Amino acid sequence: MSEWRIGRGWTDAELRERLAQAARLPRNFAEAPEALPEAPGWRRYYSEAVVGREAPGPARPDGPFARGCVAVASYAFSDPRIVIGHFDPEAPLLGRPMLLEMRALRAVRFLGPVVVGAVREATVDGTDDETVYGFRYDTLDGHIERGAEWFTLTKAHRTGDLRFRIEAYWQPGQFPTWWSRLGFATLGPRYQKVWHHRAHALLARLVREPAVRAPDGTDGAVVHASPAVVFERFPPRDLPTP
């Protein structure tokens, strides 16, 4: 059952305990994550946007694409007013347990465990060579959703465009109360669209930041991926279409 609170979040000690528990939890869906795109009964949503540019050609080790990869792996693109990712920065990305703290109506918080089930890092040869980096997380027992979600950043070598894509396959999961299930069904689509829009906007800012770095042990035993960013007001018509 999903853990939830009103008004206050979880301490670092509580998060460390739950991260240790998450490392032993099974996925909360039976299908293989790789099979979800073809599996019946799963909802799909995605968004995609150009979030930056660098000089054409292969990705530079110190350029915007490299900074974007660090921000993606650190879940730093997530608006902390909607979802904060908690994780151990010393854990390897592949297989890393994470706790997603989902916020609604400013006061209600849900804590959902996930695990990084796949990492993609490759150069794709073709008519427009690309470098791709990203990861997929899979939901675990106790999450209010079931499914898997990919976050990928791609550099087109010909144009230098950096394109960020979010793609998920999901079903409703384990809600702790009847009203949380009703609230998710009612408010979830709006939160989802706003979160997607702001994820692209935030990553676009982070790829321009020379100070972006991967978190490590000096940041604490648990990293809270919640960059302090002031967002502009985005008209609803500019929200991405899932």
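Two strands are taken to pair if DSSP finds at least two bridges between them. Helices (H or I, at least four residues) and strands (E, at least two) are DSSP runs, numbered from the N terminus. The model is predicted, so local features need pLDDT of at least 70 and side-chain atom pairs count only at pLDDT 80 or more, while totals for chains, interfaces and linings use all residues. Residues are numbered from 1 along each chain as its sequence is written, and side-chain values use heavy atoms, with hydrogens and water left out.

**Exercise 1. Trace the pairing of strand 5 (residues 108-124) with strand 1, strand 4 and strand 6.**

Step 1. Strand 1 (residues 3-6) runs antiparallel to strand 5, and 4 bridges join them. In this pairing Trp4 stands opposite Phe110.

Step 2. Strand 4 (residues 97-104) is also antiparallel to strand 5, with 8 bridges. Arg103 faces Arg109 of strand 5 across the pairing. The two strands form a hairpin with 3 residues between them, and Leu105 in the turn has a positive phi of about 55°.

Step 3. Strand 6 pairs with strand 5 over 10 bridges, again in the antiparallel sense. Here Ala118 lies opposite Arg136 in strand 6.

**Exercise 2. Determine which residues of helix 2 (residues 64-73) are buried and what covers them.**

Step 1. Apply the cut-offs: buried means under 20% relative accessible area, exposed over 50%, and partly exposed in between (1.4 Å probe, protein chains only). By this test 8 of the 10 residues in helix 2 are buried.

Step 2. The buried residues are Pro64, Phe65, Arg67, Gly68, Cys69, Ala71, Val72 and Ala73.

Step 3. Look for contacts, meaning heavy atoms within 4.5 Å. The cover over the buried residues includes strand 2 (43-53), strand 6 (130-139), strand 7 (145-156), strand 8 (161-172) and helix 3 (178-206).

Step 4. Check the exit of the helix: Tyr75, just after helix 2, has a positive phi of about 60°.

**Exercise 3. Describe the nonpolar cores and the place of Phe164 in them.**

Step 1. A nonpolar core is a set of buried Ala, Val, Leu, Ile, Met, Phe, Trp, Tyr and Cys residues joined through side-chain atoms within 4.5 Å. The largest has 40 residues, and those with the most contacts inside it are Tyr75, Phe77, Phe151, Leu153, Phe164 and Leu203. Helix 3 gives the most to this core, with 7 residues.

Step 2. Apart from this core lies another, of 9 residues, among them Trp10, Leu19, Leu99 and Leu111.

Step 3. List the contacts of Phe164, leaving aside neighbours within four places in sequence. They include Val72, Phe77, Phe151, Leu153, Ala199 and Leu203. Ser47, Glu48 and His200 are also among them.

**Exercise 4. Classify the ring pair of Tyr137 and Phe151.**

Step 1. Rings of Phe, Tyr and Trp (its six-membered ring) pair if their centres lie within 6.5 Å; planes under 30 degrees apart count as stacked, over 60 as edge-to-face and the rest as tilted. The whole structure holds 10 aromatic pairs.

Step 2. For Tyr137 and Phe151 the centres are 5.5 Å apart and the planes make an angle of 50°, which gives a tilted pair. The residues are 14 apart along the chain, with Tyr137 in strand 6 and Phe151 in strand 7.

Step 3. Both partners are buried: Tyr137 has a relative accessible area of 6%, and Phe151 has 0%.

Step 4. Ring pairs also link Tyr75, Phe77, Phe135, Tyr137, Phe151, Phe164 and Trp195 into a cluster.

**Exercise 5. Characterise the surroundings of Asp216.**

Step 1. Asp216 sits in the loop between helix 3 and strand 9 (223-225). Its relative accessibility is 29%, so Asp216 counts as partly exposed.

Step 2. Not counting residues up to four places away in sequence, Asp216 touches Pro89 and Glu90.

Step 3. A polar contact is a pair of N or O atoms within 3.5 Å; within protein, one must be able to donate a hydrogen and the other to accept it, and residues adjacent in sequence count only if both atoms are side-chain atoms. The side chains of Asp216 and Thr218 make such a contact, at 2.4 Å.

**Exercise 6. State where confidence is lowest and highest.**

Step 1. pLDDT is the predictor's confidence in each residue, from 0 to 100. Its mean over the protein is 88, and 93% of the residues reach 70 or more.

Step 2. Confidence is lowest in helix 3, at a mean of 85, and highest in strand 6, at 97.

Step 3. Over residues 233-242 the pLDDT is below 50, and this stretch has 18 contacts in the model beyond near neighbours in sequence.
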